[in-house]
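Work through these exercises with the sequence and the 3D structure open. Try each task before reading its solution.

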Amino acid sequence: MASQPPDPHAITPRPPTPIRRGWDPSRHGFLLLPGDGLVLVSDALAVLHLDRTARALFGSHAGQLEQAHLPAVWPELADLIATHRDDLEQGPLDLDLPSPQGQLNLRLFRTDDGVGVGLLAQAAAEASTEPRLRLFEGLLNTIQDALLITLAEPMDRPGPIIVYANETLLRETGFSSEEVLGRSPRLFQGPDTDHTVTAEFGAALRRWESPTMEVLNYDRAGNPYWIELKVAPFADSDGWFTHWVSVQRDVSDRRAGEQALAQQALSDPLTGLPNRRGLAERLDLALARLQRRPGLLALIFCDLDRFKEVNDRYGHATGDALLLELTRRLQTVLRSNDTLARLGGDEFVVLVETMASEDDAVQLAQRLQACLAEPWRHGGEELSLSMSMGVAMSTHGRTSAEELMRRADLTMYQVKVAGRDGVAVYDADVDQAVQASVSLRQQLEQGLRHDRLLLHYQPIVNLEDGTILGAEALVRLQGSDGDLIPPDRFIPMAERTGLIVPMERWVLSRAIDTLRDWQRQGKSWQMSINVSPYHLETATLVQELLEQRERTGVDLAGLRIEVTETVLLREHAQAFHDLSVLKQAGVTIALDDFGTGYSSLSWLSQLPVDIVKLDQSYIRQIDDDPRCATLIRGFVRVFKELGLLVVAEGIETEGQRQLLLAMGCQVGQGYLFGRPAPLADWTSGPG
C-alpha cells in the first residue's frame, strides 16, 4: 500500500489500468488479514462503511468517503468495481490500482449488499508465502469442528464479513470458499431459523460477550441442520476487537433424538394421539391465542362407557383394538386443525379453537356420539359403543388450561352419574355444589387425621321421674374454622366415601373409655353407640369390641349398639350372626329410627334386638295427629308383648312426655331433657 494515505481526489483522472490476479483459495485461505482495511460499497455504489484501519489510512479524507456516492469522490474505484462486478460472482479478485501516491493492492469481493474493497497491507503473493500464515491455515484445517472467522464490524447490515472458513465447514455445508468469503453468516440462515434467537445472539456480540447458542442453519442445497455455535472475540495488539472466531458443531443427530424422545413424551403410544402433556401444551397455546383474539374455544371430555367390561370379558388386546377403532371414528368427525387427545384408559379429549356458539359445541359432541352408533364387530360379536361427554368453553382465554380441563371432566362425570351416554355443558352452580362436597370430604378426612372429631352425649331418661339411665354418644366434626359441621351434612358424606367405618371406630374407642370411667365411678348408666350398615358389612365389629374390652376392661353389659333396619335388610345373615355374638357378650342391641324403613312387625320378632327406638317423626305428630297417636300406642303395646323396651326419640315438650307415659312408654330422650353436649357441659348426669 502507498506509504502515505491516498487522497481520493489526488488520483489521476485517466482510466485505471489494473493488473488482475485471479483468486486461488489454495494460496489465499484468508480473505483479509489483521492490518488490512475494508471499504463496503452498495450495489448503487454508495459507500456504506469504512473500518478502523481504512479510516486511519485515509486520515482526514475518510469523512469525505463515508456515506458518499463513490463515483463522485473516487471515480476510478467506482469504474473498477463496475468493470469487474460480474467477475466477482466467481470469487474474489486481487487488483492493483495505480495512484499518484503509489500502487494500491486491492481485493474485491461480493458481500450481502454489494461489494467489499479490501485494502491489503501487503501484496497477496507476498502474504500467501508467509510461512507462519501457511502453518496457521494448515492448523485450522485439521480441526474437526467447522470454523468461521469474521471481521468484528460492521454489526449492522451487511453484517460481519466472513474472512475465513475451514475445510470442515465447507465440506459440511457444500459451499465453496469463493461462495462464502465476503458474505455474512446470514448466508446459512433459512425459512425456519429462529430470528429471535439470532437477534439475542447479535445483542450479545454488541456487548462484546462470548455467546453460545443452538441454531438451525441450512447447507448449500437448502437442507436444514442444527449447530451448536460458540463465538469469541479476537483482539489486535492494541486490545481492539478486530475479528469474531466461531466454532460450529453439528448437533442434528442429538436434536433429532431429543425431538423423538420429546414426541414420545407428548404422544400416546397406542393411538399416536397427543397424551395429557401434549394436550396441555396445545391447550396453553390455544388459550394464549384466544387472549389475543377473543372467540370461542371448546373442550370436550369424552369417556367410553363400560370399557372395563370389554377388557374384563375379552382381554386387553381387544380393548386396545376397540380404542384404535374409536380413535378412527372420532377423527372422521373432526377437522384437520382440531385436536383429539387420549389421556389414558378410555378417556379422550377434543379441543376445538374456532366454535361459533355453544350450540355448535354441543352439536359437535352429538356428532361424535353419533359416529359410535354402529356396533363394533369383533370376533364374530357385536359390541355397542357409547360415550359420556362434558363440554367446557372459554371466550377470553383467561381460564387456565388446568381449570378448563377440570370443568370438562367434572361435567362428563355428572353425565356418568345421570346414566351415561349423554352430553352436558359445564354449569357453574353444579360446580359450586361439587366444590362444597369436595371441601366437606377434605375436612372430614382432616378431622380423622388431625383428631378434630368430638363426642357429644345426649341423656336417655326415665320419662316418669327424669332419672338418667344413660346417654347416646353422637359424633361431631369440627371444621377448619373451628365451627361444628352439622351431622346431617358430614354423616352422609362419610357413608358415601367409606370414611364412616374409621370414624365409627374412633367413636367406639372414645365412648368405651367414657363407659369404663362411669363403671369405675359405680354408675350404672348405659352408653348407646350408633353402628352403620357399612361397618357391619366389614364383619369386624365383633372383633373390635372384644379388643376394646381387652384394652379397657369395660363390662360390655353397659354398652348399647344401635342399628337401623337397613342393616338387617342389606346384610341379613352377617348382621344376625354378629349381633347375636354381641348379645352373648352382654351387649344390648337397639333398633334405631323405627318406622322410617321396612317396619315389618312380623319380621321384627325374629331380630336379635332388645330395644326399639321410635323415630322422632312420630313423636312430633303425637299432639296433633290422632292416627299417629294410635300407631304409637299400638307399637308400644306390641313391643311390650314381644319383650322389647320402647324408647321414644325427639321429645321436646312436656305434653309429649305425658302422652307417651299414658301410652306406656317409659324411656325417652330429646331436647326436653338435654341437648347433645360434651361431658364437661353436663350440669348433672354422666361426667
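## Exercise 1: backbone outliers

D421 sits in the loop that joins helix 15 (401-418) to strand 18 (423-425). Helices (H or I, at least four residues) and strands (E, at least two) are DSSP runs, numbered from the N terminus. This is a predicted model, where local features need pLDDT of at least 70, side-chain atom pairs count only at pLDDT 80 or more, and totals for chains, interfaces and linings use all residues. Residues are numbered from 1 along each chain as its sequence is written, and side-chain values use heavy atoms, with hydrogens and water left out.

**Task.** What is the phi of D421, and what is the relative accessible area of D421?

**Solution.**
- Start with the norm: most residues other than glycine have a negative phi, and most peptide bonds are trans.
- D421 is not a glycine, yet its phi is positive, near 50 degrees.
- Its relative accessible area is 46%, so D421 is partly exposed. The classes are buried (under 20% relative accessible area), exposed (over 50%) and partly exposed in between, with a 1.4 Å probe and protein chains only.

**Task.** Locate Q67 and state its phi.

**Solution.**
- Look in the loop between helix 2 (62-65) and helix 3 (70-73).
- Phi of Q67 is about 60 degrees, positive in a residue that is not a glycine.
- Q67 counts as exposed because its relative accessibility is 62%.

**Task.** Classify the peptide bond from E153 to P154: cis or trans?

**Solution.**
- Omega is near -5 degrees, and the bond is cis.
- P154 belongs to the loop between strand 7 (146-151) and strand 8 (162-165).

## Exercise 2: two helices

**Task.** Check the length of helix 11 (residues 276-292), then find its buried side.

**Solution.**
- The expected span is 1.5 Å times one less than the number of residues.
- For the 17 residues of helix 11 that gives 24 Å; the end C-alpha atoms are 25 Å apart, which agrees.
- Buried here are G278, L279, L283, A286, L287 and L290.
- They lie on the same side of helix 11, because their arc around the axis is only 160 degrees. The arc is taken over the directions from the helix axis to the C-beta atoms.
- Exposed R277, L285 and R292 are on the face turned away from that side.
- At the start of helix 11, a side-chain oxygen of N275 comes to within 3.1 Å of the backbone nitrogen of R277.

**Task.** Repeat this for helix 9 (residues 195-206).

**Solution.**
- Helix 9 has 12 residues and reaches 16 Å from first C-alpha to last, close to the 16 Å expected.
- T198, F201, G202, A204 and L205 are buried.
- Their arc is only 155 degrees, so they share the same side of helix 9.
- T196 and E200 are exposed on the other side.

**Task.** Is L181 buried or exposed?

**Solution.**
- Find L181 in the loop between helix 8 (177-180) and helix 9.
- With a relative accessible area of 3%, L181 is buried.
- Its C-alpha is 7.6 Å from that of A165, 16 residues apart along the chain.

## Exercise 3: the largest pocket

**Task.** How much space lies in the largest pocket, and which strand gives the most to its lining?

**Solution.**
- The volume is about 1,200 Å³.
- Lining it are 42 residues, and E472, L474, N530, D592 and D593 are the closest to its centre. Lining residues have an atom within 4 Å of a point; a pocket is an open set of points on a 1 Å grid where a 1.4 Å probe fits, with protein on both sides within 12 Å along at least five of seven lines.
- Strand 20 (residues 468-478) gives the most, five residues.

How values were computed: Points joined across faces, edges and corners; volume = space filled by probe spheres on them. Polar contact = N/O pair within 3.5 Å; in protein donor to acceptor, adjacent residues only side chain to side chain.
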